[in-house]
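Here are some short exercises to work through with the structure open beside you. Try each task yourself before you read its solution.

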Amino acid sequence: MNPKGFWSAGAGVFLRPRAVPAVRASRRSRLLSAVICAVLPLSVFITASPAQAKKKKEPVPVTGYQIPFECNQSWTGSTRSSHSPSAQSVDFNAPGDLGKPVVAAAPGRVVTANNSSNKGYGRYVVLDHGNGESSVYAHLKKVTVTVGTWLDQGALLGTLGTTGNSSGPHLHFEQKVGKKVVPAWFGGAKYRYGTARSANCVDVPIAGNLLAGPEAEVAVFRRVSGPSFHVLSAADGTTRTMRVGRAFDEPVVGDWDGDGLSEVGAYAASGRIFTLAGEANFVKIKFGARGDRPVAGDWDGDGASEVGIYRPSKGIFRLRSSTGAKSTIRMGRTGGVPVTGDWDGDGLTDVGLYDPSTATFLLRTRSAAPVVTSVKYGFVGDLPTVGDWDGDGVTDLGTWTPGTATFNQRVAAAPNAATQPRSIRFGTPRR
Ligand SMILES: [Ca+2]
Ligand SMILES: [Ca+2]
Ligand SMILES: [Ca+2]
Ligand SMILES: [Ca+2]
């Protein structure tokens, strides 16, 4: 999409009213994108005259950003007229900031992950949020992601440092439209610099057989200090809360003890450590490399879950057995959010990927002759959440729509059977 045409056509359309309920923001953004794409060809005919162009309002991002630090932390942002590459950049500081976690301001795909430079930006990360929008995180001490990683909002991407052309520890942050740095927006409001508290406290959808009976329940991992999983029983509304991990970790769900009920866990990307919550204790397993995304499943069919990783840079899954032995599955395609489930109901957990930019699952069985299936489901920007919604032993597909906090569930007993869509609202809508 041509950024110039994008904005010349969109300038009027983009000035979304700030007073409308936050719940609708994401859906509206999506609608706007659709509308803008539809009217794009018209931009050729409605190019503003020079006089009109001067009056053109500055762009408002479609992406719903939050401050790129842990929920509730206070950070002070500053800039200066000589700030390179743009005075619209933000330098963030906080007391004792060196080494503090830096998290994704919005969901996106990692397009740059430089973990070695000591010039300019130093070690830095760029996230592509779609719609021509991106964000930059520079002078990092350590980068914990790799190119191709699909990163959720609030997830760790590195730690604050002073690498490259930097006079002291700080995070250099930019929001961009095309190649242009634009004024930063957080939580649906234009950033005024100064000290502000991070509202990067989003819910991450999960699912598993967390309560009782054969059907899977839905839940969320809430990225707050002292994070917790809030579990909802779809059957009777019973909720249960479990705590594990830190706000910027990646949640995992599995039946670690093989008793038929799922437990939760968290993956710390910095040390590549799984923390699995048991009845009485936590089990820690170190597994993976920089940029890996955590997964879990019953790889050997004995009823208990093991851990694994998806490596975006190579497009492979690495499965770890309970004895520590490793096996590799090649997906033949890189990128996307990894998902696991028993797609064919043979008792062995299979693997897959979900591409939020196209709302498409790619599912691969682990049978002797693997079957790869592509299924369109959900809306662009959704997060995948799969589970055995009807308890028949076959994992069903599902997604969670961030703007409305809605779980969309697809129940199909056989690949060609009629599907029975179901939706459950749970969690806090993102804005
Ligand atoms: Ca269990
Ligand atoms: Ca097992
Ligand atoms: Ca299977
Ligand atoms: Ca099922």
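**Exercise 1.** In this predicted model, decide whether threonine 146 is buried or exposed, then find its place and its neighbours.

*Solution.* Start with the relative accessible area of threonine 146, which is 14%. Buried means under 20%, so threonine 146 is buried. Next, look at where it sits: threonine 146 belongs to the loop between strand E7 (142–143) and strand E8 (150–151). Finally, list its contacts, leaving out residues up to four places away in sequence: Val110, Ala113, Arg290, Gly291 and Ser313.

**Exercise 2.** Find the protein donors of the calcium ion (ligand 2) and work out how they are spaced along the chain.

*Solution.* First collect the donors: Asp298 (OD), Asp300 (OD), Asp302 (OD), Ala304 (O) and, listed twice with OE, Glu306. They lie 2.1 to 2.8 Å from the ion. Then read them in chain order, and the spacing D-x1-D-x1-D-x1-A-x1-E appears. Now check the angles: the 6 donor atoms of the calcium ion (ligand 2) give 51 to 171 degrees, and the site is irregular. As a last step, look at aspartate 298, which counts as buried because its relative accessibility is 9%.

**Exercise 3.** Do the same for the calcium ion (ligand 4), and explain why its arrangement is irregular.

*Solution.* The protein donors here are Asp388 (OD), Asp390 (OD), Asp392 (OD), Val394 (O) and, listed twice with OD, Asp396. Their distances from the ion run from 2.2 to 3.0 Å. Along the chain they follow D-x1-D-x1-D-x1-V-x1-D. For the geometry, recall that ideal angles for six octahedral donors are 90 or 180 degrees. Around the calcium ion (ligand 4), the 6 donor atoms subtend angles of 47 to 174 degrees, so the arrangement is irregular. Two of the donor residues can also be checked for burial: aspartate 388 is buried at 13% relative accessibility, and valine 394 is buried at 17%.

**Exercise 4.** Which side chains make polar contacts with the side chain of asparagine 408?

*Solution.* Begin by locating asparagine 408 in strand E33 (residues 406–410). Its relative accessible area is 11%, so asparagine 408 is buried. Among the residues that asparagine 408 touches are Tyr377, Phe379, Leu397, Trp400 and Arg422. Now pick out the polar contacts: one of 3.1 Å to the side chain of threonine 401, and one of 3.5 Å to the side chain of aspartate 382. To finish, compare sequence with space: asparagine 408 and isoleucine 424 are 16 residues apart in sequence, and their C-alpha atoms are 6.7 Å apart.

Technical notes
Residues numbered from 1 in each chain as written. Chains lettered and ligands numbered in written order. Predicted model: local features only at pLDDT ≥ 70, side-chain atom pairs only at ≥ 80, totals over all residues. Heavy atoms only, no water. Donors = N, O, S within 2.8 Å, 3.2 Å for Na, K, Ca; no water. Tetrahedral: all angles 85-135°; square planar, octahedral: opposite > 155°, others 65-115°. Buried < 20%, exposed > 50% of the residue type's maximum accessible area, 1.4 Å probe, protein only. Helix = DSSP H or I, 4+ residues; strand = E, 2+ residues; numbered from the N terminus. Contact = heavy atoms within 4.5 Å. Polar contact = N/O pair within 3.5 Å; in protein donor to acceptor, adjacent residues only side chain to side chain.
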